[in-house]
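Please open the structure in a viewer and keep the sequence panel visible. The tour below proposes one selection at a time and describes what is found there.

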2 protein chains.
Amino acid sequence: MKLSEAKQQFIQSWGVLGSQWGINRSMAQVHAILLVASKPLSTDDIMEQLNISRGNANMNIRDLIDWGIVEKVIIPGDRKEYFSADKDIWRVATRIMYQRKKKELDPMLKVLNQISDVEGDKRNADIKAFTETVDSIKRLAGHADKAMEMMIKAEENWFLNSFMKLLK
Amino acid sequence: MKLSEAKQQFIQSWGVLGSQWGINRSMAQVHAILLVASKPLSTDDIMEQLNISRGNANMNIRDLIDWGIVEKVIIPGDRKEYFSADKDIWRVATRIMYQRKKKELDPMLKVLNQISDVEGDKRNADIKAFTETVDSIKRLAGHADKAMEMMIKAEENWFLNSFMKLLK
DNA sequence: CTGAATTTTCAAAATATATTGAAAGATTTG
DNA sequence: CAAATCTTTCAATATATTTTGAAAATTCAG
C-alpha cells in the first residue's frame, strides 16, 4: 500500500472512531493528519488536505491545543503558525480521558452525591432500589478514578523510562 | 430530597452523560429509569414517565436488550411485556465496553493492520513517522484489550464472591 | 379462527450538531 | 503607522441524528 493511500485510510478511520465516541469527525481528522505528519502543518495544509473551511480547521486546532495533545510550532522566518501532534499515544489517551472525566464524569458524580440521600423509610422497596443503584454507581466511579490515576502514574513511569534510555 | 425528585435528577444526568459518549439521550434515559425502578416497567410506563413516543421507547428498549443490560420480564396474567435493567453496574459497564469495542475499536484495528506496512524506504522520514505512529496505536490497543479482559475476569470474581456470600 | 391488545417498523418531521465563509480582529513587517 | 498577512469569530447554512405517530405485523385469549 502506498503511503498517501495509507494516510487517507488512517485519517478516515480515526474520524469515524472519534465520532462514535463523542468527538466530532473534523476534530478527529485534524488530529489524525497531525499524528501521521512527519513535520508540523499549517492551517492551510490542513484545510487543503481535509477539504474543510478555515473556520472549521481553526476551531478544531484550538480545541486540540486546549486538550494538550497538539502544540503550536513557530518556524523562524514564516508568519504562519504550524502545528504538531503529541506522538506519545499513551499520553494522548490519558489526556483525553482526563479531560472528559473532568467535563463529563465529575458533574455526574456531583449529582450522584446530591441525590444519594433521599427522605423516607430506608426499608421502603422503592427507596432501597434507588439508593442501592446510586451507591453502586458511585463505587464504580471511584474504581474508575483509581484506574485513571494508575494510568497517569504509569505514564510518568513510561516517560521516565524513555528518558533513562536517552541517557544510556 | 424526595425520591421522585432524586429519580428525575438521575435520569436527567444519565441522559446527558450518555449523549456525551455517543449513546443517545433517550436510550440512556430509558436505561436510567429501569435502573432506579424497584419493579419491572412496561413500555407505557416508560413512555409516560419520559414523555417519549411508543416507537422511540420500543427501539431503545430493544437496543438495551441487544446490549444485554436489560431483560424482558413476563408477568403472568398480563399481556404486556415488562422490562428490568441489570442492577450489577460493574457487569453493565463491562457489557457496554465490550459491545463498543466489538463494533468500533475492532474495525479500527483491522484498518491499522491493513495500513501498517507501506511501500518504500523505511528510512524515509514520512514513512518512519507514519509507521511509528500506527505501531504505537496498535500497541496501545493491545494494552486496552488486555485491560478489558482483566475487567471481565474481575467481574467473574465479583460475581463469584456475591454468590459465595449468598451461600454462607 | 376472530378480533382485540400489543409490538414493531419506518417515512416524515423535528431537533441537534457541524461547517462555512466573510467580516472583524490581531499581528508583523517595512 | 499603514499595509499586508494571518487568525478568530459567529450568524447563516448544511448535514446528521433523533423522534414521532400511524400503519402493518404479531400475539394471544376466547
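**The sheet of chain B**

Begin by selecting B:S42, which stands opposite B:Y82, a residue of strand 3 of chain B. Please bear in mind throughout that this is a predicted model.

Next, select strand 1 of chain B together with strand 3 of chain B, residues 81-85; the two run antiparallel and are joined by two bridges. Add strand 2 of chain B, which is joined to strand 3 of chain B by five bridges, again in an antiparallel arrangement. Within this second pair, B:I74 stands opposite B:E81 of strand 3.

With the three strands displayed, in what order do they lie in the sheet? The order is 1-3-2, and the sheet they form in chain B is open, with antiparallel pairing. Strand 1 (41-42) and strand 2 (70-74) of chain B each have a single partner strand and stand at the edges, so one side of each has no neighbour in the sheet.

Now move to the hairpin made by strand 2 and strand 3 of chain B, where six residues lie between the strands. Select B:G77 in this hairpin; its phi is positive, near 80°.

**Helices of chain B**

Select helix 4 of chain B, residues 54-66. This helix lies across strand 2 and strand 3 of chain B, and it runs at about 50° to strand 3.

Continue to helix 5 of chain B, residues 89-115, and pick out B:Q99 within it. Is B:Q99 buried or exposed? Its relative accessibility is 13%, and residues under 20% are classed as buried, so B:Q99 counts as buried. Apart from neighbours within four places in sequence, B:Q99 is in contact with B:D66 and B:W67.

**The two domains of chain A**

Turn to chain A and colour residues 3-85 as domain 1 and residues 89-167 as domain 2, following the domain assignment. The C-alpha centres of these two domains of chain A lie 29 Å apart. Nine residues from domain 1 of chain A and seven residues from domain 2 of chain A take part in the contact. Between them, the two domains of chain A bury about 660 Å², of which 64% is on carbon and sulfur atoms. Select A:W67, A:G68 and A:I69: these supply 61% of the area that domain 1 of chain A buries against domain 2 of chain A, more than any other three residues.

Finally, select residues 22-80 of chain A, which an unreviewed UniProt entry annotates as "domain: HTH marR-type". Over this stretch of chain A, 54% is helix and 12% is strand, and the end C-alpha atoms are 30 Å apart.

Definitions and conventions
Residues are numbered from 1 along each chain as its sequence is written. Chains are lettered from A and ligands numbered from 1 in the order in which they are written. This is a predicted model: local features need pLDDT of at least 70, side-chain atom pairs count only at pLDDT 80 or more; totals for chains, interfaces and linings use all residues. Side-chain values use heavy atoms; hydrogens and water are left out. Two strands pair if DSSP finds at least two bridges between them. Helices (H or I, at least four residues) and strands (E, at least two) are DSSP runs, numbered from the N terminus. Contact means heavy atoms within 4.5 Å. Axes are lines fitted to C-alpha atoms, for helices over the stretch in contact, and angles run from 0 to 180 degrees between N-to-C directions. Buried means under 20% relative accessible area, exposed over 50%, partly exposed in between (1.4 Å probe, protein chains only). UniProt positions are given in the numbering used here, feature names are shortened, and annotations may be inferred rather than shown by experiment. Domain bounds come from an automatic or database domain assignment. Buried area is the accessible area (1.4 Å probe) that two parts lose on being put together, summed over both.
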